[in-house]
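Morning, everyone. I have one model to walk through today. Please have a look at it first.

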Amino acid sequence: LVLLIAFVIGFMLSLLVGLSTLRLSGVYFVIFTFGLAELVRQLVTWYEVNVTRTLGRYVFVDITTEQIYWQLLALAVAVFISGWLIQRSKLGLALRVIGDDEAVARHVGINTTMAKVVLFAFSASFMTLAGAVMAPRWTYIDPAIAFNPVVSFQVLIMALLGGVHRLYGPVFGVIPLALLFEFLLAKFPNHFSIMVGIAFLLIVYAIPRGIVGLIEGAQLSLHRMRGA
């Protein structure tokens, strides 16, 4: 029931955010969403300090780490199945047209507003659900943990490294960067943020299409060589 409530709350809030950021794109969208997360963090902190008089929450529930793993695995399967179904639906076709040229999509009668907001809300709901599943794993959560910009930035880097043009692409960026972050925290704890920033720049400039893009490029080159 808690997970269902989290999913619904995430969907409703992301609808509001999606509608408010509809005219933003690129770096402006990124800046706005990071700023919005900070605003929510400050509001929740103010509410807990001035109203509830308790900052943070201890999460003690009868659930094991193994159960959390299976819940996350089931969520991952649901994400991939949902992505597969969306790709083969009218919404997926509309999104591909929007990705190629949004002006053309509007001219051919596609409701670009609804398509983008629905997909944004749907994907954000899965993120909310992942957070609800992971909450007992951390035992204690507070606004600074829940709305940590460093975590959001690390997730973005993982997605870019793996490749954002494929649904499974970010998976390829999780393991190498998780290991890298652990190494940097252990060896350079005072310069971790700088190191993460450097890693981000290297990924953006060196492999803009991510690991999946490199693999697909190599396969295409090999196919051309065989054809020649």
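Here is a question to start with: is Phe 172 buried, partly exposed or exposed? Phe 172 comes out as partly exposed, because its relative accessibility is 37%. Keep in mind that this is a predicted model.

Phe 172 has a ring partner, Tyr 168. Their ring centres lie 6.2 Å apart. The planes meet at 65°, so we call the pair edge-to-face. Tyr 168 is partly exposed too, with a relative accessible area of 37%.

Staying with rings, the count of aromatic pairs is 9. Another of them joins Phe 122 and Phe 126. Here the centres are 5.2 Å apart and the planes stand at 80°, so this pair is also edge-to-face. Where do Phe 122 and Phe 126 sit? Both are in helix α6, residues 112-138. They are 4 residues apart, so about one helical turn separates them. Their accessibility puts them in separate classes. Phe 122 is partly exposed, at 28%. Phe 126 is buried, at 13%. Ring pairs also bring in Phe 7, which makes a cluster of Phe 7, Phe 122 and Phe 126.

Now, what touches Phe 122 and Phe 126 from elsewhere in the chain? One answer is Ser 82, which contacts both of them. Ser 82 belongs to helix α3, residues 65-87. Its relative accessible area is 16%, so Ser 82 counts as buried, the cut-off being under 20%.

Next, helix α1, residues 2-20, and one residue in it, Ala 6. Ala 6 is buried, with a relative accessible area of 12%. Which residues does Ala 6 touch, once neighbours up to four places away are set aside? They are Thr 128 and Ala 132. Gly 131 is 125 residues from Ala 6 along the chain, yet their C-alpha atoms are separated by 8.8 Å.

On to the cores. The largest nonpolar core has 10 residues. Among them are Ile 157, Leu 161, Leu 177, Phe 181, Leu 184 and Val 196. Which elements give two or more residues to this core? They are α8 (149-162), α9 (171-187) and α10 (192-206). There is a second, separate core of 5 residues, including Leu 95, Ile 98, Ala 105 and Ala 115.

Let me take α9 by itself. Its buried residues are Gly 173, Leu 177, Phe 181 and Leu 184. They pack against α8 and α10. Leu 184 touches Pro 189, Phe 192 and Met 195, leaving out residues up to four places away. Then the length check. At 1.5 Å a residue, the 17 residues of α9 should span 24 Å. The end C-alpha atoms are 25 Å apart, so expectation and model agree.

Last stop, helix α4, residues 90-100. Its buried residues are Gly 92, Ala 94, Leu 95 and Ile 98. Why do we place them on the same side of α4? Because they cover an arc of only 160° around the axis. Lys 90 and Asp 100 lie on the other side, and they are exposed. What covers the buried residues of α4? The cover includes α3, α5 (102-107) and α6. Two of the buried residues of α4, Leu 95 and Ile 98, also belong to that second core.

That's the tour. I'm happy to go back to any part of it.

Methods. Residues numbered from 1 in each chain as written. Predicted model: local features only at pLDDT ≥ 70, side-chain atom pairs only at ≥ 80, totals over all residues. Heavy atoms only, no water. Core = buried A, V, L, I, M, F, W, Y, C linked by side-chain atoms within 4.5 Å. Buried < 20%, exposed > 50% of the residue type's maximum accessible area, 1.4 Å probe, protein only. Contact = heavy atoms within 4.5 Å. Expected span 1.5 Å × (residues − 1). Phe/Tyr/Trp six-rings, centres within 6.5 Å; stacked < 30°, edge-to-face > 60°. Arc of directions from axis to C-beta.
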